[in-house]
Amino acid sequence: MTLIPDGFAARCAADSEFTGAARYWSGTLALESDGDRVELVLVDGVPVATRTERATRAGPGHVGIVGTAEIWDRLLAPTPDPYHNDIMPAQAFGLRIEGDQETLWQYYPAIRRVIDLLRVARVERAGHHDPTGAEAPDRTPAGRPTPRFDSPVGRYVHLDLGGQDHRVYFEEAGTGLPLLLQHTAGSHGAQWRHLFEDPWVSGNFRLVAYDLPFHGKSLPPEGRAWWQETYRLTTEFAMSVPVALAGALGLDRPAFMGCSIGGSLALDLARWHPERFRAVIALEPSLKVDTDVGQLAGFWHPRVNSEFKAHVMYGLMAPQSPEPQKRETVFAYSQGWPPLFLGDLHYYLVDHDLREEGARIDTSKVAVHLLTGEYDYSATVVHGAAAHEAIAGSTFAVMPGLGHFPMCEDPERFLTHLRPVLESVLAL
């Protein structure tokens with residue numbers, strides 16, 4: 001089956017998401033399957049033609065994606081398998097990205113959309129429905145009306161962190177056992193908004209979702225020239241925030257739940273501050289993630305805007321997750337201070353390392369629960385299983401049909417996995 005169908009340039013030109021993401025792009029996107037190579041030609045962001053070529057053109061503006069027919073079949077399936085739903089993780093299985101690196105970073109959202117449109121075209125030829133979910137409705141539980149006001153109320157608290165005053169924003173709602181909520185790298189506490197609206201959760205837990213300093217509505221400290229520093233989140237500073245917040249709010253051994261860097265933080269808190277927390281819930285956890293930080297230079301680059309890193313997050317989510325929730329997650333990632341995400345990844349990829357210390361976590365002092373989405377190619381199922389094996393007495397579950405952002409990419413599905421864990425925390 002031909003990889004690029006007839007009329008594909010016109011299909012791209014008629015797609016507003018593609019043309020918005022491809023603005024000002026003059027160059028080519030070459031796609032190859034078992035030696036058959038076709039270029040999509042763009043002039044100032046407009047796809048004008050497709051043509052057969054032997055090799056990816058060199059220099060700025062030119063990108064190529066090369067794979068076997070088997071890899072393309074998996075990538076363009078109506079519902080791709082884990083790690084084959086996006087070109088980034090598919091590279092681990094033989095997909096190859098060629099050409100100019102900066103062009104890839106600058107126009108990754110457009111390239112990702114090309115893959116979507118190829119998937120649509122292939123499914124249409126097979127006589128199936130559109131798999132992209134672009135028209136899929138939000139999953140609001142049937143019969144639940146939209147309230148005039150959402151549940152959480154936000155305010156600021158001043159915390160002494162590292163000898164500096166930090167004005168930290170948090171939102172809270174619910175009654176019962178306090179549960180601190182830590183967002184992912186480069187984002188903010190709005191990721192937890194769906195959890196606040198679940199009556200069972202808010203009826204049993206006092207939810208407190210905070211923005212780390214420099215994130216969301218939390219501001220940098222006034223007492224030092226932070227703009228002259230290279231921002232890097234460290235283990236010590238990350239742990240200090242929930243510890244100080246719990247103290248400021250007078251919370252007696254609250255539970256803690258975090259995702260991604262928050263999942264890493266949950267395990268660090270269990271190791272180094274077990275007396276402060278009765279339980280930690282680590283979403284997408286790891287003892288250590290080994291990735292070359294140098295490969296992530298596009299996350300903070302003067303010629304690459306925030307769309308690149310935001311849309312990379314799209315591929316970390318499950319294709320089954322509702323499109324509105326996935327797009328909201330991407331939207332939140334496009335809002336951050338430019339150095340923020342890469343600085344957070346210093347903690348996630350460099351500073352956080354519990355390979356030696358994880359086995360010393362004492363679950364008789366602090367309960368440890370681990371949950372991993374099957375589509376997460378950052379902190380994978382293998383990472384979660386390794387943490388579970390190291391931490392005696394911990395629990396571990398894989399969440400089918402979920403990716404790296406379960407609480408915001410598909411909150412309804414996530415709650416089916418979370419509620420049993422929360423029930424066990426209530427029983428402590």
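Over the ring of which residue does the charged end of Arg 112 sit? In this predicted model, the charged end of Arg 112 lies over the ring of Tyr 314, at 3.9 Å from the centre of that ring.

**View 1. Helix α6 meets helix α11 through a set of residues that includes Arg 112 and Tyr 314.** On the α6 side, the contact is made by Tyr 108, Pro 109 and Arg 112, whereas α11 contributes Glu 307, Phe 308, His 311, Val 312 and Tyr 314. The axes of α6 and α11 (residues 307-314) are 8 Å apart, and the two helices pack at an angle of about 30°. Because angles under 35 degrees count as roughly parallel, α6 is described as roughly parallel to α11.

**View 2. An aromatic cluster takes in residues from both of these helices, among them Tyr 108 and Phe 308.** The cluster is formed by Trp 105, Tyr 108, Phe 299, Phe 308, Tyr 333, Phe 341 and Phe 405. The structure as a whole holds 16 aromatic pairs. A charged group over a ring is also found at Arg 167, whose charged end sits over the ring of Tyr 156, 3.6 Å from its centre.

**View 3. A five-stranded open sheet of mixed pairing carries helix α6.** The strands follow the order β3-β2-β1-β4-β5, with β3 (46-52) and β5 (96-99) as the edge strands, each of which pairs on one side only. From one strand to the next, the twist averages 20°. Helix α6 (residues 108-125) packs on this sheet and touches β1, β2 and β4 (62-67), while its direction makes about 45° with that of β1.

**View 4. Within that sheet, strand β2 pairs in the antiparallel sense with β1 and with β3.** Strands of a sheet pair through backbone hydrogen bonds, and they do so either parallel or antiparallel. Here β1 (residues 27-33) is joined to β2 (residues 36-43) by seven bridges, one position being Leu 31, whose bridge partner in β2 is Val 38. The pairing of β2 with β3 extends over six bridges, and Glu 39 has Arg 51 in β3 as its bridge partner. Two residues lie between the strands in the hairpin of β2 and β3, where Asp 44 takes a positive phi near 50°.

**View 5. Eight strands form a second view of an open, mixed sheet.** Their order is β6-β7-β9-β8-β10-β11-β12-β13, and the edge strands, each pairing on one side only, are β6 (153-161) and β13 (395-399). The twist of this sheet averages 20° from one strand to the next. Strands β10 (residues 255-259) and β11 (residues 279-283) run parallel and are joined by five bridges; in this pairing, the bridge partner of Cys 259 is Leu 283 in β11.

**View 6. Helices α9 and α10 pack on the eight-stranded sheet.** Helix α9 (residues 235-248) touches β6, β7 (164-173), β8 (177-182), β9 (205-210) and β10, and its direction makes about 115° with that of β6. Helix α10 (residues 261-272) touches β8, β9, β10, β11 and β12 (367-373), and its direction makes about 145° with that of β10.

**View 7. Residues 131-138 form a stretch with pLDDT below 50.** The protein chain averages a pLDDT of 94, and 96% of the residues score at least 70. Over residues 131-138, by contrast, the pLDDT is below 50, although this stretch has 15 contacts in the model beyond near neighbours in sequence. Where pLDDT is low, the predicted coordinates should not be read in detail.

Definitions and conventions. Residues numbered from 1 in each chain as written. Predicted model: local features only at pLDDT ≥ 70, side-chain atom pairs only at ≥ 80, totals over all residues. Heavy atoms only, no water. Pairing = 2+ DSSP bridges. Helix = DSSP H or I, 4+ residues; strand = E, 2+ residues; numbered from the N terminus. Axes fitted to C-alpha atoms, helices over the stretch in contact; angles between N-to-C directions. Contact = heavy atoms within 4.5 Å. Phe/Tyr/Trp six-rings, centres within 6.5 Å; stacked < 30°, edge-to-face > 60°. Lys NZ or Arg CZ within 6 Å of the ring centre and 35° of its normal. pLDDT = per-residue confidence, 0-100. Parallel < 35°, antiparallel > 145°, perpendicular 65-115°, else oblique.
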